[in-house]
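Visitor: I have a structure here that I would like to go through with you. Could we begin with how the chains meet?

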Amino acid sequence: MNERLIVSTSPHIHKKETISWIMWMVILALAPAAIAATFTFGLYSLQLITISILSAVITESVIIVLRRRRITIFDGSAVLTGLLVAYNLPPQVPPWIPAVGSFFAIAIAKQAFGGLGRNIFNPALAARAFLLISWPKYMTQFTAPFSQADSVTSATPLYLLKESNMSLPEMGLSYLDLFLGNRAGCIGEVAVPALLIGAVFLLVLRIISLHIPLIFILTLGFLNWLFSGNSIGGGDPLFAVLTGGVILGAFFMATDYVTSPLTRKGQIVFGIGCGLLTFVIRKWGGYPEGVSFAILIMNAFVPLIDRATPPRVYGKIK
Amino acid sequence: MIKLFKELTKGIFKENPVFVIVLGLCPALAVSTSLENAIGMGIAATFVLFFSNLIISSLRKFVPDKIRIPCFIVVIASFVTIVELLMAAFAPLLAKRLGIFVPLIVVNCIIMGRAEAFASRNKVLPSIMDGLGMGVGFTLALSSVALIRELLGNGTLLGHNILTNFNPAGIMVLAPGALMTLGILIAINNLIKNRKK
Amino acid sequence: MKETLKYSAVLFSICFFAAILLSAVASITQPIIEETKAEQENNAIKEVMPQARGIEKVEEEGLVYYKAKDFSGNNIGYVFISEAKGYSSVIRAVVSITPEGEIIAVKVLEQNETPGIGTQITEEKFLSRFKGKKALDNIDSISGATVSSSALIDSVKQTLKKIIQ
């Protein structure tokens, strides 16, 4: 949170909320998605979430002891990172995947950069990128929802679109299926209603603002409407927004305080960039899904965006 | 004698070309995917360093200051070409795997850097020692990066299966793995140095 | 003026000695390099056509391929090398075919594709799909490694077509 002081000038408004309070609220907001995941993908996904959180907390504790820093394990940030790492995994990965992923998120993406508030990249997304590039075999194998016992492998809608150019009815899905999470996907990304409940909760508490998620989703939808169809303006914006990790990414990961711009103007630029890059990666990239890479790339631009969009100094007239 | 020995050892730890001076990173990142490549690259670079330091140091009074850079480059490029030819003849598989990075030794900053900073200002014997030490330091640095990358990224060492029942992390043999490994090793190196003080 | 002359003389003499040294080394190593190259090619051919006893290099219309013969000199097939631009590298593969144009075996000589994804093209599981196929037959690519695998398939088929003609 030190970064905030460098950019904005006085006067500062003090609020009662603490980092720790915010973190726990975000975790609470993400809880419905965990319940929905357990319901769709079975108890195993709950185990994966637990392993992920445990690994994150243990890694954080060990590193903090080694670095002889103030104990910050209970501020919830490690728990949140662990939770998000698990949400970005396919539901049937072996248990060591979340363990290694959370270790990477905390040790390399967060602590190696100096700890909470100093990381350039969202740790959970960095871990996802690490896992996806390292073990593509596990990270691209999805199971059909409601098939816990026999865990039928199934491709995600985005994969089907990219590899075989299938339409939604050909996949045997409807928009309602996509919305309710009745499709193959990562643990935490499929249950859109559960994610939206959490998002509204955070919006009401004013922990996140609508700028980044709304602009992100609108940009992505608009570009898809324009270019992804057979003719200009014939694309399917709803499909693009409801599939992949758009809702999870836009509301819970692109809005991470540390790795997103500070000013409203900057956040709009950030949102447009995320939407644009997601579209580009999905359409031309090597992977069917681009949300996490888009957010990571935009994370790298945040310092530049912040420099280009400084807040107006109090009392200064243009 | 002790001074000569110091010229030899400084390149290995105190002034390690990769970890401390942070030179020659291009080959250090690119060919450290396997231990065999790293050792091969290290030996090639050491050979060039040794002979270029030897020749440049003995020619230092003969070569006028103004045209020293082109002269050094001719000397270095000649030895690199020799290495390239020898490698293609006697270690064709290694030559194929190292590919473009063998001719690229010409522009390796360590070699030009040692020629400019050391060999052109010192007597022949210390220059040879400096070249050898820097070469060994470079080889060791490359090998330690490669050791970690090959082990984690492929589960092998020198082509032998070491970690069975292990799912190698593909990222380690790609560029990000190289940068992360190098960063962590430099950090460890700095940590040890700071503890010593 | 005098300085310039001196500089040129110094640089010239260094280059002169370098050239002598290099040509000496080159004249020693050149035959060995050629020998190892030929040996590598032979080994690759042997691997996809182990029963071949005599190999004859054929060059026509920019195409290079090898005729394989058995003990009594009968033609038992052809071997050729196909090159394809993959996802991140040039994939070179050696292919053996029967005189009727049926693929016997394919082996990847060189590639630098994405580890874990594109490198699946070197696995027997994929390469066995080529067996018995002809130039116009359909060969399935690897899902998830479409770029690398279809590049190899296309190049093998293309070269095969040309050789049959």
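**Contacts between chains and domains**

Guide: Let us start with chain C and chain A, bearing in mind that this is a predicted model. Their contact takes 6 residues from chain C and 5 residues from chain A.

Visitor: How much area do chain C and chain A bury between them?

Guide: About 340 Å² is buried between chain C and chain A, with 51% of it on carbon and sulfur atoms. On the side of chain C that touches chain A, the residues divide into 2 nonpolar, 4 polar and no charged.

Visitor: How many salt bridges are there between chain C and chain A?

Guide: The count of salt bridges between chain C and chain A is 0. The count of residue pairs in polar contact between these chains, both at pLDDT 80 or more, is also 0.

Visitor: Let us move to chain B and chain C. How many residues does each give to the contact?

Guide: Chain B gives 24 residues and chain C gives 21 residues. The area buried between chain B and chain C is about 1900 Å², and carbon and sulfur atoms give 83% of that.

Visitor: Why quote an area at all?

Guide: The accessible area lost when the parts come together is often used to give the size of an interface.

Visitor: And how many salt bridges are counted between chain B and chain C?

Guide: The number is 0 for salt bridges between chain B and chain C. For residue pairs in polar contact, both at pLDDT 80 or more, the count between chain B and chain C is 0 as well.

Visitor: Which elements of chain B give two or more residues to the side that touches chain C?

Guide: They are helix H4 (68-90) and helix H5 (92-98) of chain B. The largest share of that side, 13 residues, comes from H4(B). By class, the side of chain B that touches chain C has 20 nonpolar, 2 polar and 2 charged residues.

Visitor: Now for chain A by itself. What domains is it divided into?

Guide: Chain A has domain 1 (19-138) and domain 2 (158-308). The C-alpha centres of these two domains of chain A lie 21 Å apart. Their contact takes 35 residues from domain 1 and 31 residues from domain 2.

Visitor: What area is buried there, and which residues of domain 1 lose the most?

Guide: The two domains of chain A bury about 2700 Å² between them, of which carbon and sulfur atoms give 78%. In domain 1, Ala29(A), Asn122(A) and Leu125(A) lose the most area to domain 2, together 18% of what that side buries.

Visitor: How many residue pairs are in polar contact across that interface?

Guide: There are 5 such pairs between domain 1 and domain 2 of chain A, both residues at pLDDT 80 or more. Salt bridges across the interface of these domains number 0.

Visitor: Which helix gives the most to the side of domain 1 that touches domain 2?

Guide: H2(A) gives the most, with 13 residues. That side of domain 1 of chain A has 27 nonpolar, 6 polar and 2 charged residues.

Visitor: A last topic: Asn53(B). Where does this residue lie?

Guide: Asn53(B) is in helix H3 (residues 35-58) of chain B.

Visitor: Does Asn53(B) count as buried or exposed, and why?

Guide: Asn53(B) counts as buried because its relative accessibility is 0%, and buried means under 20%. Leaving aside neighbours within four places in sequence, the residues in contact with Asn53(B) include Val48(B), Arg114(B) and Asp130(B).

Definitions and conventions
Residues are numbered from 1 along each chain as its sequence is written. Chains are lettered from A and ligands numbered from 1 in the order in which they are written. This is a predicted model: local features need pLDDT of at least 70, side-chain atom pairs count only at pLDDT 80 or more; totals for chains, interfaces and linings use all residues. Side-chain values use heavy atoms; hydrogens and water are left out. Contact means heavy atoms within 4.5 Å. Buried area is the accessible area (1.4 Å probe) that two parts lose on being put together, summed over both. A salt bridge is a side-chain nitrogen of Lys or Arg within 4 Å of a carboxyl oxygen of Asp or Glu. A polar contact is a pair of N or O atoms within 3.5 Å; within protein, one must be able to donate a hydrogen and the other to accept it, and residues adjacent in sequence count only if both atoms are side-chain atoms. Ala, Val, Leu, Ile, Met, Phe, Trp, Tyr, Cys and Pro count as nonpolar, Asp, Glu, Lys and Arg as charged, and the others, Gly among them, as polar. Domain bounds come from an automatic or database domain assignment. Helices (H or I, at least four residues) and strands (E, at least two) are DSSP runs, numbered from the N terminus. Buried means under 20% relative accessible area, exposed over 50%, partly exposed in between (1.4 Å probe, protein chains only).
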